[in-house]
Amino acid sequence: MDVALKIDIDTHQGLAEGVPRLARMLEREGVAASFYCAMGPDNSGRALVRVFRNRGFLTQMFRTNAVSMYGMRTVLSGTLLPGRRIALAFPGILRDLERSGFEVGVHGYDHVRWQDRIDAMGEKGIRAEIDDAFEVYRAILGEPPRAFAAPGWRTNDAALIALDGAGLDYRSDTRGRSPYRCAVAGRVRATPEIPPALPTLDEVMGRRDLPAPSAVLRYYLEQFRPGDLNVHTIHAETEGMGQLESFTAMVRALKERGASFVRL
């Protein structure tokens, strides 16, 4: 059974603290993974606007104890406190990931702006976000990016067309059970999509039917199946920090079941 770990890095703190912890654990366990980093500013505090648009967002914040998990500096970043650079603040960490054999891709430029405003940005704004993100990636790693993972699994026709012209090996922008190519404006695009299939940890944490870490572990082990596209998204800010022990237990349990870990 092949398992691919898709590790999203959304924040300054996630890259500074979560990624090194994850990388050390994965190297110790001999596990391959793919990391996708937001290349621009950390404006996480602006995501709080979702509270007024989406009741489920507030519920999720309480259920996962988001303030404790992310810390006040990240929660206020881009609002009461200035947004901090993410990738350019820690270029050495991204270079170390690549030198260690991990895959490194792009997770947008301004994560919050893409996730919350993609449909209002227009074609020009979307292309500017992509160009800025790719420029930072090239400045740090010295080559064009080969993979893109959309912030918040948000995409549209303009983004798909722009990314299709970027010469990527693949995208991982949506959720699903099998790879596919998108059809936009009557044309099947060349860039394949490799979608994650499993729910993320913050989507299952605190559920009444999963009251303890052991129950969460059992739940996830039931989701990985031979023959399926077992792509699982984790976050540097969650599994890389407060939930590292639980994530390590999942990795070891999958290894005991004979799983082979591959890059996307």
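**Notebook: strands, salt bridges and a pocket**

I began with the N-terminal elements and noted that strand 1 (residues 2-9), helix 1 (residues 12-29) and strand 2 make a right-handed β-α-β unit. The coordinates I consulted are those of a predicted model.

**Entry 1. Strand 2 and its neighbours**

I looked up the pairing of strand 2 on each side. Strand 1 and strand 2 run parallel and are joined by 4 bridges. Strand 2 also runs parallel to strand 5 (residues 103-106), again with 4 bridges between the two.

I then noted individual positions. C37 of strand 2 stands opposite I9, and C37 has V106 as its bridge partner in strand 5. For Y36, the partner in strand 5 is G105.

Next I asked which residues of strand 2 (residues 34-37) are buried on each side. I found S34 and Y36 buried on one side, with F35 and C37 buried on the other, and so recorded both faces as covered under the 20% limit for burial. As background to this reading, side chains in a regular strand alternate between the two faces of the sheet.

I made the corresponding check on strand 5. Both of its faces are covered: E103 and G105 are buried on one side, and V104 and V106 are buried on the other.

**Entry 2. Salt bridges**

How many salt bridges does a search of the whole structure find? I recorded 15, and I followed several of them individually.

I examined E123 and R127, which form a salt bridge with their closest N and O atoms 3.4 Å apart. Both residues belong to helix 7 (residues 111-141), and because they are 4 residues apart there, about one helical turn separates them. R127 has a relative accessibility of 35% and therefore counts as partly exposed.

I then turned to E193 and R171, whose side chains meet in a salt bridge at 2.8 Å, N to O. This pair links distant parts of the chain, since E193 lies in strand 9 (residues 187-193) and R171 in strand 7 (residues 170-171), 22 residues apart. Are these two partners buried or exposed? E193 is buried, with 0% relative accessibility. R171 is buried as well, at a relative accessible area of 3%.

I also noted the salt bridge between R207 and D209, in which the closest N and O atoms are 2.8 Å apart. R207 is partly exposed, its relative accessible area being 28%. Elsewhere I found E29, R252 and K255 joined into one network by salt bridges that share partners.

**Entry 3. Loop residues**

I inspected the loop between strand 6 (147-148) and helix 8 (157-164), where A149 is found. A149 is buried, with a relative accessible area of 0%. I looked up its separation from K6: the two residues are 143 residues apart along the chain, and their C-alpha atoms are separated by 9.1 Å.

W153 is found in the loop between strand 6 and helix 8. I noted its phi near 55°, a positive value in a residue other than glycine. W153 counts as partly exposed because its relative accessibility is 21%, and the partly exposed class starts at 20%.

A second residue with positive phi was A185, at about 55° although it is not a glycine. I placed A185 in the loop between strand 8 (180-184) and strand 9. With 72% relative accessibility, A185 counts as exposed.

**Entry 4. The second largest pocket**

I finished with the second largest pocket, in which about 300 Å³ of space lies. As a general point, rolling a probe the size of a water molecule over the atoms shows where empty space is left.

Which residues lie nearest the centre of this pocket? I listed L201, P213, V216, Q243 and S246, out of a lining of 19 residues. The elements that give two or more residues to this lining are helix 10 (213-223), strand 10 (230-235) and helix 12 (244-256). Helix 10 gives the most, with 5 residues.

I also sorted the lining by class. The lining of the second largest pocket has 13 nonpolar and 5 polar residues, together with 1 charged residue.

Methods
Residues numbered from 1 in each chain as written. Predicted model: local features only at pLDDT ≥ 70, side-chain atom pairs only at ≥ 80, totals over all residues. Heavy atoms only, no water. 1 Å grid on protein atoms, 1.4 Å probe; cavity = no way out; pocket = protein on both sides within 12 Å on 5 of 7 lines; lining within 4 Å. Points joined across faces, edges and corners; volume = space filled by probe spheres on them. Nonpolar A, V, L, I, M, F, W, Y, C, P; charged D, E, K, R; others polar. Buried < 20%, exposed > 50% of the residue type's maximum accessible area, 1.4 Å probe, protein only. Pairing = 2+ DSSP bridges. Right-handed = clockwise from strand over helix to strand, strands pointing away. Salt bridge = Lys/Arg side-chain N within 4 Å of Asp/Glu carboxyl O.
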